[in-house]
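I opened this entry to look up how the strands, helices and aromatic rings are arranged. My notes follow in the order in which I checked things.

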Amino acid sequence: MIKTMETSKVWVADLAAYNNGSLEGFWMELTSDASEMASEIKTFMDAQTEKHGELREEYAFHDYDNPINSNWGEYESLKDIAEVMETLESVDTETLQAGLELNMSLSDITNCFSGCYDSAEDFGYQDLEDSGRLSELESMGMLYYMDVEAYGNALLVDASWTEVNGTIYVFSY
């Protein structure tokens, strides 16, 4: 599911407190800096150790607010989260989520994104325009006889794409 997002956050829970029937944790904003997030968690866990008088080291992510990747779980790697957040510096949230839906690597999402379109026909028209063939077909009076939607669908056969909420996200290798 695609979500428009201001910020993504995670509820970091103290597992010892949780196992003792208490919900203790904090909302942490997800960033592209894994060490910064690790430092925030360490600061919280150190405070928990001080508060309870016993070593507290184990934590889990119990909830996400505006998650980018709906497959993130309780023990997600901070490095992996930071890489996803860094990818958002190159592509928008919806494009990232479309690529993740296609199980693409983060570098492929960034490097192979071709565009988003309202329909296969729009994709076909864009390809014709980008290649210079649209003006040729128009000048010869042939565009009227061309099924641009079928042409767009044929192009999609050689691309990775997904349709989300009526928008087609195309990734070409």
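I count two strands as paired if DSSP finds at least two bridges between them. The model is a predicted one.

**Sheet.** With that rule I looked up the strand order. Three strands form an open, antiparallel sheet, in the order β4-β6-β5. I noted β4 (113-117) and β5 (160-164) as the edge strands, each pairing on one side only. Neighbouring strands are turned by 15° against each other on average, direction ignored.

Next I asked which helix packs on the sheet. Helix α4 (residues 93-101) does, and touches β4, β5 and β6. I recorded about 70° between the direction of α4 and that of β6.

**Pairings of β6.** I then went through the bridges. β5 and β6 (residues 167-171) run antiparallel and are joined by five bridges. Among the residue pairs, I found T162 opposite Y169 of β6, and E163 has I168 as its bridge partner. On the other pairing, β4 and β6 are antiparallel over four bridges, and there G115 stands opposite V170.

I also looked at the hairpin of β5 and β6. Two residues lie between its strands, and N165 takes a positive phi near 50°.

**Burial of β6.** How many residues of β6 are buried? I found five of its five residues buried, so I noted the strand as mostly covered. T167, Y169 and F171 point one way from β6, while I168 and V170 point the other way.

**Helix α8.** I listed the buried residues of α8 (residues 148-157): V148, Y151, G152 and L156. Seen down the axis of α8, these fall within an arc of 145°, so they line one face of the helix. An α-helix has 3.6 residues a turn, so residues three or four places apart point the same way. The cover over the buried residues of α8 includes α6 (120-131), α7 (133-139), β5 and β6.

At the N-terminal end of α8 I found a cap from D147. One of its side-chain oxygens lies 3.3 Å from the backbone nitrogen of E149.

**L128.** I picked one residue of α6 to follow up, L128. Is L128 buried or exposed? Its relative accessible area is 2%, and the cut-off for buried is under 20%, so L128 is buried. Leaving aside neighbours within four places in sequence, I found L128 in contact with R133, L134, L137, M146, V148 and Y151. I took the C-alpha separation for L128 and Y151 as well: 9.5 Å, at 23 residues apart along the chain.

**Aromatic rings.** The structure holds eight aromatic pairs. In the pair Y59 and F61, the ring centres are 5.8 Å apart and the planes are at 45°, so I logged the pair as tilted. Y59 is partly exposed at 27% relative accessible area, and F61 counts as buried at 2%.

I also checked F113 and F171. Their ring centres are 5.5 Å apart and their planes are at 55°, so this pair is tilted. The pair links distant parts of the chain, with F113 in β4 and F171 in β6, 58 residues apart. F113 counts as partly exposed at 29% relative accessibility, whereas F171 is buried at 0%.

My last lookup was an aromatic cluster, which consists of Y59, F61, Y64 and W72.

How values were computed:
Residues are numbered from 1 along each chain as its sequence is written. This is a predicted model: local features need pLDDT of at least 70, side-chain atom pairs count only at pLDDT 80 or more; totals for chains, interfaces and linings use all residues. Side-chain values use heavy atoms; hydrogens and water are left out. Axes are lines fitted to C-alpha atoms, for helices over the stretch in contact, and angles run from 0 to 180 degrees between N-to-C directions. Contact means heavy atoms within 4.5 Å. Buried means under 20% relative accessible area, exposed over 50%, partly exposed in between (1.4 Å probe, protein chains only). The arc is that of the directions from the helix axis to the C-beta atoms. A polar contact is a pair of N or O atoms within 3.5 Å; within protein, one must be able to donate a hydrogen and the other to accept it, and residues adjacent in sequence count only if both atoms are side-chain atoms. Rings of Phe, Tyr and Trp (its six-membered ring) pair if their centres lie within 6.5 Å; planes under 30 degrees apart count as stacked, over 60 as edge-to-face and the rest as tilted.
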